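I have a fresh model open and a notebook beside me. Here is what I looked up, in the order I got to it.

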Amino acid sequence: MSQNRIVEIYSEALELTGRMFDAARASDWDGLVKLEQARDRLIEQARVLDAEPPQAGDIRARKRELLQQILERDEEIRALTQDWMRELRDIL
């Protein structure tokens, strides 16, 4: 499998992460879970494919950039879900 496919998978994962953020902002918790599961499957595919020898510098840099963006968006999602959990705790 080509290293370009790994970059494509991470790009798809980033897109799903953006949709996860939108779901969290809309308090669509079921949608968030479904999107997260789909993203987890993509990340697992990339992890398996990424066992190949190291790739060219430009591909490695793009992959790093995508992963950084995913992690940053995950932090934003985590903040939204923590707010929701606090509200839920107050209700209970």
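These are my entries on the core, one helix and a few chosen residues.

**Entry 1: the model.** I note at the outset that this is a predicted model.

**Entry 2: the core.** I began with the largest nonpolar core, which has 18 residues. Which of its members touch the most others? I found Leu32 and Ile77 in that role. I then checked where the core residues come from: helix 1 (3-25), helix 2 (29-49) and helix 3 (57-91) each give at least two. Helix 1 has the largest share, with nine residues.

**Entry 3: Ile77.** I listed what Ile77 touches, leaving out residues up to four places away in sequence. The list reads Thr17, Met20, Phe21, Ala24 and Leu32, so I met Leu32 again, the other residue that touches the most core members.

**Entry 4: helix 2.** How far does helix 2 reach from its first C-alpha to its last? I read 30 Å for its 21 residues, close to the 30 Å expected at 1.5 Å a residue. Next I looked for its buried residues and wrote down Trp29, Gly31, Leu32, Leu35, Arg39, Leu42, Ala46 and Leu49. Looking down the axis of helix 2, I saw these buried residues fall within an arc of 145°, so they line one face of the helix. Helix 1 and helix 3 are among what covers them. On the other side of helix 2, I found Asp30, Lys34, Arg41, Arg47 and Val48 exposed.

**Entry 5: Arg39.** An arginine in the buried list of helix 2 made me stop. Is Arg39 buried or exposed by its relative accessibility? The value is 7%, and buried means under 20%, so Arg39 counts as buried. Setting aside neighbours within four places in sequence, I found Arg39 in contact with Ala13, Leu16, Thr17, Met20, Ile70 and Asp74.

**Entry 6: Asp74.** I followed that last contact to Asp74, which lies in helix 3. Asp74 is buried too, because its relative accessible area of 16% falls under the 20% limit. With neighbours within four places again left aside, Asp74 is in contact with Thr17, Met20 and Arg39. I noted that Thr17 and Met20 appear among the contacts of Arg39 and among those of Asp74.

**Entry 7: rings.** How many aromatic pairs does a search of the whole structure find? I got zero. Phe21 still gave me something to write down: the charged end of Arg73 sits over its ring, 4.3 Å from the centre. I had already met Phe21 among the residues that Ile77 touches.

How values were computed:
Residues are numbered from 1 along each chain as its sequence is written. This is a predicted model: local features need pLDDT of at least 70, side-chain atom pairs count only at pLDDT 80 or more; totals for chains, interfaces and linings use all residues. Side-chain values use heavy atoms; hydrogens and water are left out. A nonpolar core is a set of buried Ala, Val, Leu, Ile, Met, Phe, Trp, Tyr and Cys residues joined through side-chain atoms within 4.5 Å. Buried means under 20% relative accessible area, exposed over 50%, partly exposed in between (1.4 Å probe, protein chains only). Helices (H or I, at least four residues) and strands (E, at least two) are DSSP runs, numbered from the N terminus. Contact means heavy atoms within 4.5 Å. Rings of Phe, Tyr and Trp (its six-membered ring) pair if their centres lie within 6.5 Å; planes under 30 degrees apart count as stacked, over 60 as edge-to-face and the rest as tilted. A charge sits over a ring if NZ of Lys or CZ of Arg is within 6 Å of the ring centre and within 35 degrees of the ring normal. The expected span of a helix is 1.5 Å times one less than its number of residues. The arc is that of the directions from the helix axis to the C-beta atoms.
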